[in-house]
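Work through these exercises with the model open beside you. Try each task before you read its solution.

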Amino acid sequence: MSIIPQTHKSQVNSQDICPTTVNTKIGAFNLDDISILHADLIDYNSMHLACQADRLIVLKDESEIEPAVAELNQLDVPIFVLSGGSNVILPKTINAGVLHPNYKGIEILFEDKDSVIIEVMGGENWHELVVFTVNQGWYGLENLALIPGLVGASPVQNIGAYGVQLEDCMTHLKAFHLPTQTWHKFDKTECQFRYRDSKFKQEAGQWLITRVGFKLHKDDSQVNANYGDVATLALSKAKANNRSEASPVDVMQAIIEIRQSKLPDPKLLPNCGSFFKNPTINNDKFTKLKSQYPNIVGYPVTNDETKVAAGWLIENAGLKGKGIAPILTHAKQALVLVNHTDSYNSTPASQQDILATQQLIQKTIQDKFGIDLEREPVWVNNKTNYNN
Ligand SMILES: Cc1cc2nc3c(=O)[nH]c(=O)nc-3n(C[C@H](O)[C@H](O)[C@H](O)COP(=O)(O)OP(=O)(O)OC[C@H]3O[C@@H](n4cnc5c(N)ncnc54)[C@H](O)[C@@H]3O)c2cc1C
């Protein structure tokens, strides 16, 4: 991860942040030079599902986007954007050109004694960005440590963890609209962020986000450590270093440790993180459930509604570690579906295997608690139509 040398600006101008045109010479461009035909995507998705794409296009530079998309449109080939593959359920075949962003770099757009505004290329690894910024003394992303995937995908579902969401630090993004082949800049307010949702998730398949901007602060006494066991662990790290208050570094390290102890590493046990969103129900329904199940876990989200922990529902329906082989819920975290293909020594698991376990869980939770669970990862069809 490196900073692109640039003159620091005393004031940010939206034209500077996101130039709306990228100079490309279509004549000098050859799509085949950056394409892999009949590409095997099993190692490009963290669920390790068998998937073959007609064409995989690895984009090493933002300037390759316009000519690549123009040529795919001319050939009438559908387009699918695949970054780290940690939030997708892929089909066995994708009859499309799969764009895989691999362009990297970080620019400082503005810096003063209190804060910094950076713009990060979409092909950067998310967790490496978090560690890099915290090591620079730029804070705000530390609670989002160890989330897999690439920076360009992070706004799609407004990634969130431990009381922080992407939108808390994001300032703007730059994206290419695939159907019209035009560049656009969006301020945060235009991204329609909600819980695990955004304009780009709603308009799936239409956008390629190429750069994301963040405003980070430099005050190491300002931390967000109210969530669960983060406060205790972060404070114990501070005390071990003779400090009375937890710093952002302590919070990041605590979160990394907690996540490593609770979540399966996709490289060892293929998974795509939380498989279901935490459902929101009205308070009357929650009160009734609470009288039946006093330990049910829920947090108020508005005066009328409560968000219920989907993991608690699945675990208390007796489905922890269960499912339909080879797709089972994780033995330590029932909200995560794990692909056990290797231990069953069978052919690679497919989208249909995921669906079988998903439906078993949804039906069981509906029958027991009267709650509908909604899938979090993106379901991809073979022509890259989405079904959310
Ligand atoms: C172990 C584990 C833990 C996780 N923990 C969390 C967590 O705590 N919080 C959380 O929010 N998520 C979590 N996730 C989910 C996932 O890591 C995030 O959603 C991540 O942002 C996905 O990034 P990706 O690069 O892998 O995207 P992909 O899986 O490649 O893509 C996801 C979707 O975004 C689209 N997309 C990808 N890149 C772009 C782009 N540049 N422009 C436009 N569209 C694009 C794709 O077409 C697809 O629809 C976890 C996943 C795993 C495996």
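**Exercise 1. Find the bridge partner of Ala-175 in strand 12, then describe how strand 10 and strand 12 pair.**

Solution.
- Step 1. This is a predicted model. Go to Ala-175: its bridge partner in strand 12 is Ile-209.
- Step 2. Place the strands. Strand 10 covers residues 170–177. Strand 12 covers 207–217.
- Step 3. Count the bridges. Strand 10 and strand 12 are joined by 7 bridges and run antiparallel.
- Step 4. Recall the general idea. Strands of a sheet pair through backbone hydrogen bonds, in a parallel or an antiparallel way.

**Exercise 2. Trace the pairing from strand 6 through strand 7 to strand 12.**

Solution.
- Step 1. Start with strand 6, residues 106–111. A hairpin of 3 residues links strand 6 to strand 7.
- Step 2. Strand 6 pairs with strand 7 over 5 bridges, in the antiparallel sense. Ile-106 has Val-120 of strand 7 as its bridge partner.
- Step 3. Move on to strand 12. Strand 7 pairs with strand 12 over 7 bridges, again antiparallel.
- Step 4. Check two bridges. Glu-119 is partnered by Gly-213 of strand 12. Val-116 is partnered by Leu-216 of strand 12.

**Exercise 3. Are strand 7 and strand 12 largely enclosed or left open?**

Solution.
- Step 1. Take the cut-off: a residue is buried if 20 or more other C-beta atoms lie within 10 Å of its own.
- Step 2. Apply the count to strand 7, residues 115–121. Of its 7 residues, 6 are buried, so strand 7 is largely enclosed by the rest of the structure.
- Step 3. Apply the count to strand 12. Of its 11 residues, 9 are buried, so strand 12 is largely enclosed too.

**Exercise 4. Describe the surroundings of Phe-214.**

Solution.
- Step 1. Phe-214 lies in strand 12.
- Step 2. Phe-214 has 25 other C-beta atoms within 10 Å, so it is buried.
- Step 3. Leave out residues up to four places away in sequence. Phe-214 then touches Ile-118, Val-120, Gly-140, Leu-141, Cys-169, Met-170 and Thr-171.
- Step 4. Look further along the chain. Ile-108 is 106 residues from Phe-214, yet their C-alpha atoms are separated by 9.8 Å.

**Exercise 5. Which residues are closest to the ligand, and how does its shell divide?**

Solution.
- Step 1. The ligand is surrounded by 34 residues. The closest are Ser-83, Gly-84, Gly-149, Gly-152 and Gly-273.
- Step 2. Sort the shell: 20 residues are nonpolar, 14 are polar and none is charged.
- Step 3. Find the strands. Strand 8 (160–161), strand 12 and strand 13 each supply at least two residues of the shell.
- Step 4. Find the domains. Domain 1 (14–101) and domain 3 (271–379) each give the shell at least three residues.

**Exercise 6. Which strands stand at the edges of the open sheet that holds strand 13?**

Solution.
- Step 1. Write the order of the 4 strands: 13-19-18-17, with antiparallel pairing.
- Step 2. Strand 13 (271–274) and strand 17 (323–324) are the edges. Each has a single partner strand, so one side of each has no neighbour in the sheet.
- Step 3. Check the end at strand 17. It is joined by 2 bridges to strand 18, residues 327–329. Ile-324 stands opposite Ile-327 in strand 18.

Note on methods: Residues are numbered from 1 along each chain as its sequence is written. This is a predicted model: local features need pLDDT of at least 70, side-chain atom pairs count only at pLDDT 80 or more; totals for chains, interfaces and linings use all residues. Two strands pair if DSSP finds at least two bridges between them. A residue is near a molecule or strand if its C-beta atom, placed from the backbone, lies within 6 Å of it. Ala, Val, Leu, Ile, Met, Phe, Trp, Tyr, Cys and Pro count as nonpolar, Asp, Glu, Lys and Arg as charged, and the others, Gly among them, as polar. Domain bounds come from an automatic or database domain assignment. A residue is buried if 20 or more other C-beta atoms lie within 10 Å of its own, exposed if 12 or fewer, and partly exposed in between; C-beta atoms are placed from the backbone. Two residues are in contact if their C-beta atoms, placed from the backbone, lie within 7 Å.
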